[in-house]
Amino acid sequence: MDKPTVVKSHDIHLDTEYASWIHEVKERYRNTQIKAAVKVNSEQLLF
């Protein structure tokens with residue numbers, strides 16, 4: 001069995017397509033969080 005190795009961040013190369021995909025996922029997640037917060041606040045104001 002191989003011994004586990006530690007991989008450091010400078011050992012990893014991310015291609016532009018993957019980096020772009022990660023950026024898109026983060027952006028969509030943030031936008032969804034904002035929409036949820038706005039919806040909750042709107043409902044609280046109506047209450």
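In the predicted model, Val7, Ile12, Leu14, Tyr18, Trp21 and Val25 together form a nonpolar surface patch of about 600 Å². One of these patch residues, Trp21, is located in helix H1, which spans residues 16–46. The relative accessibility of Trp21 is 49%, so this residue is classed as partly exposed; the exposed class applies over 50%, and the buried class under 20%.

The secondary structure of the chain consists of one helix and zero strands. Along the principal axes, the C-alpha atoms occupy a box of roughly 60 × 25 × 15 Å. The separation between Trp21 and Lys3 was also computed: these residues stand 18 residues apart along the chain, and their C-alpha atoms are separated by 32 Å.

Accessibility was then considered for the chain as a whole. Of its 47 residues, 0% count as buried, a class that requires under 20% relative accessible area. The chain exposes about 5200 Å², and 59% of this area is supplied by carbon and sulfur atoms.

With regard to charge, the chain carries 7 positive and 7 negative charges. The mean position of the positive charges lies 7 Å from that of the negative charges.

In summary, the predicted model comprises one helix and no strands, with 0% of the residues of the chain counted as buried. Trp21 lies in helix H1 and contributes to the nonpolar surface patch, alongside residues including Tyr18 and Val25.

How values were computed. Residues are numbered from 1 along each chain as its sequence is written. This is a predicted model: local features need pLDDT of at least 70, side-chain atom pairs count only at pLDDT 80 or more; totals for chains, interfaces and linings use all residues. Side-chain values use heavy atoms; hydrogens and water are left out. Patches are made of residues with over 30% relative accessible area and no salt bridge: like charges are joined within 9 Å, nonpolar side chains (Val, Leu, Ile, Met, Phe, Trp, Tyr) within 5 Å. Accessible areas come from the Shrake-Rupley method with a 1.4 Å probe; for residues, only the protein chains shown count as cover. A salt bridge is a side-chain nitrogen of Lys or Arg within 4 Å of a carboxyl oxygen of Asp or Glu. Helices (H or I, at least four residues) and strands (E, at least two) are DSSP runs, numbered from the N terminus. Buried means under 20% relative accessible area, exposed over 50%, partly exposed in between (1.4 Å probe, protein chains only). Lys and Arg count as positive and Asp and Glu as negative; His and the chain ends are not counted. The place of a charge is taken as NZ of Lys, CZ of Arg, CG of Asp or CD of Glu.
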